[in-house]
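Please walk me through this protein structure, one part at a time. I am new to the subject, so explain each term as it comes up.

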Amino acid sequence: MEYYSNQISRLISELSTLPGIGAKSAQRLAFHILHMPVEEVEQLSEAIIDARKNVHYCKECFSLTDNEVCPICSNPKRNKRQIMVVEDTRDLAAYEKTGKYEGVYHVLHGAISPMQGIGPGDIKLKELMQRLQQDVDEVIIATNSSLEGETTAMYISKLIKPTGIKVTRIASGVPVGGDLEYIDEVTLLRALEGRTEL
Ligand code: ZN
């Protein structure tokens, strides 16, 4: 990209490090930003910096939040005796969009993947087991239906079984390897309602 001056090239190359942004998209975004009013660019960059600096894990469910405890965990109307285990915060958002789930969540931040060298100690599993020392009626495992998601579901179920807590798995109406966040709300609700005991 020698035909662009240094700062333009730098902007393009920074943008192209983002997921899903190829060289072409990075150029388009860079030129869009260069034509934006300076105040809007400042707002955009501040939003990025603020979110990155202030967002951390909820100390109860480990979803991403800028409060100590996320809005779901701090809502007294949510049923804390029902915990849905998801792989990441985007999956949680997908279930929240259905507006029908009244329990709370536990975000693992990943799934067990021997191929990628991700073991049980690399996701928030220990934290889940600690939560189960409180009164819990049901753990709903809503990891993806990918190989990693299924491996994780089996692992968790084996871990929880001896505690006597009911463990269920969402129905497999969810396409294999499909990320939960891309599945429509009706399918998600069906998967939740059709969950079976493990
Ligand atoms: Zn929370």
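**A walk through the sheet and its surroundings**

In β4, V107 is the bridge partner of V86. That is one small link in a wider pattern, but some ground rules come first. This is a predicted model: local features need pLDDT of at least 70, side-chain atom pairs count only at pLDDT 80 or more, and totals for chains, interfaces and linings use all residues. Residues are numbered from 1 along each chain as its sequence is written, and side-chain values use heavy atoms, with hydrogens and water left out.

Two terms are needed for the sheet. Helices (H or I, at least four residues) and strands (E, at least two) are DSSP runs, numbered from the N terminus. Two strands pair if DSSP finds at least two bridges between them. Strands of a sheet pair through backbone hydrogen bonds, either parallel or antiparallel.

Now take the whole sheet. It is open, has five strands and follows the order β4-β3-β5-β6-β7, with mixed pairing. β4 and β7 (196-197) are the edge strands, as each pairs on one side only.

Start at the β4 edge. Strand β3 (residues 79-86) runs parallel to β4, and five bridges join them. Besides the V86 link, M84 has Y105 as its bridge partner in β4. How many residues of strand β4 are buried? Five of the five residues in β4 (residues 103-107) are buried, so the strand is mostly covered. Here buried means under 20% relative accessible area, exposed means over 50%, and partly exposed lies in between (1.4 Å probe, protein chains only).

Next, look at how the chain gets from β3 to β4. Together with helix α4 (residues 89-98), these two strands make a right-handed β-α-β unit. Right-handed has a precise meaning: with the strands pointing away from the viewer, the path from the first strand over the helix to the second runs clockwise.

Move one step along the sheet. Strand β5 (residues 138-141) pairs with β3 in the parallel sense over four bridges. M84 appears again here, with I140 as its bridge partner in β5. I83 has V139 as its partner in β5. In a regular strand the side chains alternate between the two faces of the sheet. β5 is covered on both faces: E138 and I140 are buried on one side, V139 and I141 on the other.

β5 also pairs with strand β6 (residues 166-169), in the parallel sense and over four bridges. There, E138 has K166 as its bridge partner in β6. Another right-handed β-α-β unit is made by β5, α6 and β6.

Pause at the helix of that unit. T152 is found in helix α6 (residues 147-160). Is T152 buried or exposed? T152 counts as buried because its relative accessibility is 0%. Its side chain makes a polar contact, reaching the backbone nitrogen of I112 at 2.8 Å. A polar contact is a pair of N or O atoms within 3.5 Å; within protein, one must be able to donate a hydrogen and the other to accept it, and residues adjacent in sequence count only if both atoms are side-chain atoms.

Loops have their own points of interest. Most residues other than glycine have a negative phi, and most peptide bonds are trans. F62 has a positive phi, near 70°, and is not a glycine. F62 lies in the loop between β1 (56-57) and β2 (64-65), and is buried, with a relative accessible area of 14%. H109 is not a glycine either, and its phi is positive at about 60°. This residue sits in the loop between β4 and α5 (125-131). H109 is partly exposed, with a relative accessible area of 23%.

Finish with a pair of positions. Y57 lies in strand β1 and is partly exposed, with a relative accessible area of 38%. Along the chain, Y57 and V107 are 50 residues apart, and their C-alpha atoms are separated by 9.3 Å.
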